[in-house]
Amino acid sequence: MKCKITHKPIKPFMSFGKMPIANGFLEKQDFSKEYFYNMEVGFSEDISLLQLNDHPKPEVMFNENYPFFTSSSKHMIEHFKSYANFVRKYLNTNSKLIEIGSNDGTFLKNFSNNSNNIIGFEPSKNVAELAQKNKVPTINSFFNTKTIANINEYLGNTDLICASNVICHIPDLNDLIKSVDMLLSLDGTFVFEEPYLGSMFDQVSYDQIYDEHIYVFSVSSVSKIFERFNLYLVDAIPQKTHGGSMRYVVKRKNDKSSQIKKIIEEEKIKKLDQIESCLMFKNNCEISKKRIVDKINILKNQGKSICGYAATSKSTTILNYCQIGCDQIDYICDTTSEKIGKFSPGMHIPIKDMDYFRKNQTDCIYLFAWNHKLEILNKEKNFKGYWFSHVEL
Ligand code: TMP
C-alpha cells in the first residue's frame, strides 16, 4: 500500500474484512454478483494521514443511482445555511464560487442571488439533475484538472471553493489540490468540512470508514498535505455534523489562527499524528464489535425483535464487520426511495419505508444514523421501544 500523497509505502494496521459497496443497496437477483473488497486501513506517519488501502473506483460509487440527497435531513439544510453565512466573508459582489460535490444544490441555493458566478460539480447524475431542476448551476462531472479546463473564466479567478464531506472521497488528492490551486484567485479561499479523526477515535465510530471515505483527516494531516503545495491551513473550526467534523480554511498565505496552533498541540498530546493512536483505535474497534454482538445476542435471547433505523452507508461497515444479518435485525427503515424495497449491502437485510416501520414496530431499534439522534428521536417520540447504537455502549 502506498501513501497517495507521498508515494511512500505504508503498512495497513487494521482489516475490517470483506466489504461490499457501502451504498450498494441491491435487489435479490443481484446477490450472487455482489462486489466485495478487503477493507484495510493504513496510516502515513509522514503526513499523519489515515487512509483506505484498496477501494472501488469512484465511478462504481457515484453514478446515476447515487442514493443520497443532502436535503433529506432538515438538520443538514440548517447546517448548510450557517456554513453559507460563515463563508460569505470570503466573497465580494462579483466573486466566483465553486462547490465540489454539490449534491442536490442544498448549499449553493443559499447564494441563488449570485447564480451567474456559481458552479457546482456533482458526478452523480440523479442528484445533479435535481440541483439543475432547482436552478442551481451544476456540471454533472467529477472535479479534476481535466474538467475544470472547461470553465476557463474561473481559472485563477475564483475567490471561494467550498466542499463538504467530499474531499475524503477523492482518491487523487494531488490532482484535487492542483485543481484548487489552478482556480483560486491570489487572495482566494478553499473551505472544506470532513469527519474528524479525533472524534472518530474518541467515539470509536469506526463506521466512518467505508469505501467512499478514503481518508479520515486531522488538523495535522491537512496542514502537512497542503504545505506540500504551498497552500496553508489558516483556520480549523470543529463542527457537530456527522458525529464530529472539522471545517478547514486554506489560503495561499501562511497566516495561521491561534486556534489551529492549539488544536495541533492537542493532537500531538493525543498522538493523533502517530501510529500509536491508530493501534489503540484498532483495539477499541475490536472491543466495540464484541460489545454490540453480545448486546444483540442478549436481546435476541430475551425474545426481543430489533429493526434498524436509517440505512446509512455507515451501517454497511457495522453490519459486515460485526456480521449482523437478518437473524438479528428484521428490517431497516429509511426515507430514501432509491433504497426502499432493496436489501442492505453484504448482509441483505430488507429496507422498508417509514410506513412499514410505524405498522411493524419492534421492541428495539438500532439507530444507524446515530449522528442525527436528536432530530430522529424528536420525530419518533411516539415510538416507545428501546433505542441503541454501538457509539453509546
Ligand atoms: P448517510 O449517513 O449514508 O449519509 O445516509 C443517511 C441515511 O439516513 C439516508 O438514507 C436517509 C436516512 N435517514 C432517514 O431515513 N431518516 C432520518 O431521519 C435521517 C436523518 C436520515
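Start by selecting Thr145, which sits in the loop between strand 6 and strand 7 (158-164). Keep in mind as you go that this is a predicted model. Is Thr145 buried, partly exposed or exposed? With a relative accessible area of 23%, Thr145 is partly exposed, because buried is kept for values under 20%.

Now show what surrounds Thr145. Setting aside neighbours within four places in sequence, Thr145 is in contact with Asp175, Lys178, Ser179 and Met182. Pick Asp175 out of that group: its side chain and the side chain of Thr145 are joined by a polar contact of 2.4 Å. Then try Met182, which is 37 residues from Thr145 in sequence, while the two C-alpha atoms are 8.2 Å apart in space.

**Back along the chain to helix 3**

Strand 6 (138-139) is your link to the next stop, as it is part of what covers the buried residues of helix 3. Select residues 125-133 to see helix 3 itself, then colour Asn126, Val127, Ala128 and Ala131, which are buried. After helix 3 comes Lys135, so click on that too if you like looking at backbone angles: its phi is positive, near 65 degrees.

**Helix 6 and its surroundings**

Next, select 219-227, which is helix 6. How many of the nine residues of helix 6 are buried? Seven are, so helix 6 is largely enclosed by the rest of the structure. To see them, highlight Val219, Ser220, Ser221, Val222, Ser223, Ile225 and Phe226.

What do these buried residues pack against? Among the strands there are strand 3, strand 8 (184-195), strand 10 (232-239) and strand 11 (245-251). Two helices take part as well, namely helix 4 (173-183) and helix 7 (258-269). Switch them on one by one and watch the surroundings of helix 6 fill in.

**Ser218 and Ser48**

Step back one residue to Ser218, in the loop between strand 9 (215-216) and helix 6. Ser218 counts as buried, because its relative accessibility is 0%. Leaving out residues up to four places away in sequence, Ser218 touches Ser48, Tyr196, Leu197, Tyr248 and Glu267.

Follow that list to Ser48. You'll find Ser48 in the loop between strand 2 (36-44) and strand 3 (49-52). Ser48 is buried, with a relative accessible area of 0%. Its phi is near 55 degrees, which is a positive value in a residue other than glycine.

Val204 is worth a click for its backbone too. Its phi is positive, near 50 degrees, and Val204 is not a glycine. Look for Val204 in the loop between helix 5 (197-203) and strand 9. Is Val204 buried or exposed? Val204 is buried, at a relative accessible area of 15%.

**Two domains**

Time to zoom out. Colour 61-276 as domain 1 and 303-392 as domain 2, the two domains into which the chain is divided. Their C-alpha centres lie 29 Å apart. Where the domains meet, 18 residues from domain 1 and 15 residues from domain 2 take part in the contact.

**The ligand**

Now select the ligand and the residues around it. There are 13 of them, and Ser313, Asp334, Thr336, Lys339 and Lys379 come nearest. By class, the shell has four nonpolar, five polar and four charged residues.

Draw some distances to oxygen atoms of the ligand. From an N or O atom in the side chain of Asp334, you should get 2.9 Å to one. A backbone N or O atom of Thr335 gives 3.1 Å, and a polar side-chain atom of Thr336 gives 3.0 Å. How much of the ligand's accessible area does the protein cover? On its own the ligand has 490 Å², and the protein covers 95% of that. Helix 9 (313-321) and helix 11 (373-379) are the elements that give two or more residues to the shell.

**Last stop: Gly385**

From helix 11, move along to Gly385, in the loop between helix 11 and strand 16 (386-388). Gly385 counts as partly exposed, since its relative accessibility is 26%. Add Cys364 to the selection: Gly385 and Cys364 are 21 residues apart in sequence, and 5.3 Å separates their C-alpha atoms in space.

How values were computed:
Residues are numbered from 1 along each chain as its sequence is written. This is a predicted model: local features need pLDDT of at least 70, side-chain atom pairs count only at pLDDT 80 or more; totals for chains, interfaces and linings use all residues. Side-chain values use heavy atoms; hydrogens and water are left out. A residue is near a molecule or strand if one of its heavy atoms lies within 4 Å of it. A polar contact is a pair of N or O atoms within 3.5 Å; within protein, one must be able to donate a hydrogen and the other to accept it, and residues adjacent in sequence count only if both atoms are side-chain atoms. Accessible areas come from the Shrake-Rupley method with a 1.4 Å probe; for residues, only the protein chains shown count as cover. Helices (H or I, at least four residues) and strands (E, at least two) are DSSP runs, numbered from the N terminus. Ala, Val, Leu, Ile, Met, Phe, Trp, Tyr, Cys and Pro count as nonpolar, Asp, Glu, Lys and Arg as charged, and the others, Gly among them, as polar. Buried means under 20% relative accessible area, exposed over 50%, partly exposed in between (1.4 Å probe, protein chains only). Contact means heavy atoms within 4.5 Å. Domain bounds come from an automatic or database domain assignment.
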